[in-house]
There are 2 protein chains.
Amino acid sequence: MKIHTLTIVGVGLLGGSIGLAARQRGLAQHIIGVGHQHSSLELARTRGAIDEGTLDLRAAVTGADLVVFCTPVDLIVEQALVVAERCPHGPILTDVGSTKEAIVAGLDGRLARPVRFVGSHPLAGSEKRGVEFADANLFQDRLTVITPTEQTDADAVAEVSRFWQALGCRVRQMSPAEHDRALALTSHLPHLLASALAGMLPEALFELAATGFRDTTRIAAGDPSIWTGIFQQNRAAVLQSLQLFLDRLRDFEQALKADDRKTIDSLLAQAKKVRDALGSGNSTQE
Amino acid sequence: MKIHTLTIVGVGLLGGSIGLAARQRGLAQHIIGVGHQHSSLELARTRGAIDEGTLDLRAAVTGADLVVFCTPVDLIVEQALVVAERCPHGPILTDVGSTKEAIVAGLDGRLARPVRFVGSHPLAGSEKRGVEFADANLFQDRLTVITPTEQTDADAVAEVSRFWQALGCRVRQMSPAEHDRALALTSHLPHLLASALAGMLPEALFELAATGFRDTTRIAAGDPSIWTGIFQQNRAAVLQSLQLFLDRLRDFEQALKADDRKTIDSLLAQAKKVRDALGSGNSTQE
């Protein structure tokens, strides 16, 4: 696959990594980054993630073949509508947002042809933020979920799939709703639990917070301005997952109250079985 | 400090690491390991963690100066009583158990002089198990909590402190109850949450469980037979911490239900502040 001009909107950890990976793999002739700070765009350019940076979204897309939105989920629809207006030449738009239903619903059928949008979510990243942590290998062997609907252009789906594969990803298709229900459990609920746990640690106990606490709360260091949007857009599914979690927590609570060793042991053993099956490696990131 | 004979009861990750560290730092002339499988004792010997291994606890302590119990918390009292009976020469006994109140209460004033017990908990380790993961540097720059009471021999406290310091630890004294309340929040509750979360992941979603889920649930891979005992011995404090956690989770739940962006953002920001203060390094392990 060969892209003439790739525009990355939001050149942080993910956007920067897309730029580095695309360059390393020779996917794009020209990479334009859009940001809201000259300094981080300059850093992205110095690191080789983009060829040129601009604060002007409209100017950055006039010649783009593929535009990837790597901005907070609650900005993507608005930005994509702005881009579509400026692009009679019909680029393909995609994104990396951790929610899909609201974004796809906000764009499906609302973009004047020939502009086409395909929702994506590469399960890669970390709690770190900024192009300084960008990594050309971030997508290697990761999963990208793409979420076409009946209204999505089939050629664009194929093109976006090839793009993620060219960056090193496996690609799986899911419906936006199916994606959001799954990610509520595998990503958004864990973030909520990590934040609730981290938030209750008094300073006097910092010294006693060792590996277990640190691992369990690591993602709570994520950027609140990104996560608030994710929770808002997926709040129904997150609330459902939270109820399932509270049910399970109640099983533990009752077993503890009853001093029921056998049940505690079997709850722990079942959890260990799942966790062992996931493996200790970091072969998939979100 | 120089120990003539060091006996390690339970030569797994922690016991094996004590042996390796003691040897590397020249702390003990002779190291005896007690286990319940010839094969793992042989592996401990081959790795240099012990000089000799035996299945016979009584035989292993007759000449010991220091005996360190690295067995599940619900076995330590019984084993220490057995050892005390066999040791008219008066060794010092200590342990690495993650709970302290039940263990110290079970031994305080119950050992015939001159045998002396001092409760310890080095905050080092991982979800891994077995001497194959033992590491001479496991204790480097970690914190060990020791939990003397009014009945604890002051010389033994000083001796046990020097031992952990010689292995690379900082040492902090706390009462057994204070230790158990703190660890309920910093270690036992996180384990419970990790297990509850891991246990609810259906196999169909394994592929979608990325870094966030993996970090948050990593400790759920810990050995249930060790953790069941910890939960039993510290269930009152764990239940208290769980209530505090549920209160905080309710704050998130209400903010989500009310679609209250400001509150979600401020809960996430407060959690991030705590997590950032802990740092991303693994300078302390449990």
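**Notebook: two chains and an aspartate**

I started with D259(B), which counts as partly exposed because its relative accessibility is 35%. Partly exposed sits between the buried cut-off, under 20%, and the exposed one, over 50%. Worth keeping in mind for everything here: this is a predicted model.

**Entry: the backbone at 259**

I looked up where D259(B) sits, and found it in the loop between α10 (235-257) and α11 (261-278) of chain B. Its phi caught my eye: D259(B) is near 50°, a positive value in a residue that isn't glycine.

Then I went to the other copy. D259(A) also has a positive phi, about 50°, and it is not a glycine either. I placed D259(A) in the loop between α10 (235-257) and α11 (261-278) of chain A. Buried or exposed, or something in between, for D259(A)? I got 35% relative accessibility, so D259(A) counts as partly exposed.

**Entry: how the copies relate**

Next I asked what rotation puts chain A on chain B. I noted 180°, with 0.0 Å of shift along the axis and an RMSD of 0.0 Å. That is the relation of a two-fold axis. The contact surface fits in here: 100% of the contact residues of chain A recur in chain B, so I wrote down that the same surface serves both copies, with contact meaning heavy atoms within 4.5 Å.

Which residue of chain A comes closest to the rotation axis? I found T216(A), with its C-alpha at 2.0 Å from the axis.

**Entry: chain A as a whole**

I counted up the secondary structure and have 11 helices and 9 strands for chain A. For overall dimensions, I boxed the C-alpha atoms along the principal axes and got roughly 70 × 40 × 30 Å. I also checked the radius of gyration: chain A has 21 Å, which agrees with the value near 19 Å for a compact globule, because the chain has 286 residues.

I looked at burial too, and 60% of the 286 residues in chain A are buried. For contacts, I took pairs of residues at least 6 apart in the sequence of chain A; of these contacts, 74% join residues at least 24 apart.

**Entry: surface and charge**

The accessible surface of chain A comes to about 11000 Å². I noted that 48% of that surface belongs to carbon and sulfur atoms. Last, the charges: chain A has 29 positive and 33 negative ones. I compared where the two sets are centred, and their mean positions are 3 Å apart.

Conventions
Residues are numbered from 1 along each chain as its sequence is written. Chains are lettered from A and ligands numbered from 1 in the order in which they are written. This is a predicted model: local features need pLDDT of at least 70, side-chain atom pairs count only at pLDDT 80 or more; totals for chains, interfaces and linings use all residues. Side-chain values use heavy atoms; hydrogens and water are left out. Copies are superposed by least squares on the C-alpha atoms of residues with pLDDT of at least 70 in both. Helices (H or I, at least four residues) and strands (E, at least two) are DSSP runs, numbered from the N terminus. The radius of gyration is taken over C-alpha atoms; the globule rule is 2.2 Å times the number of residues to the power 0.38. Buried means under 20% relative accessible area, exposed over 50%, partly exposed in between (1.4 Å probe, protein chains only). Accessible areas come from the Shrake-Rupley method with a 1.4 Å probe; for residues, only the protein chains shown count as cover. Lys and Arg count as positive and Asp and Glu as negative; His and the chain ends are not counted. The place of a charge is taken as NZ of Lys, CZ of Arg, CG of Asp or CD of Glu.
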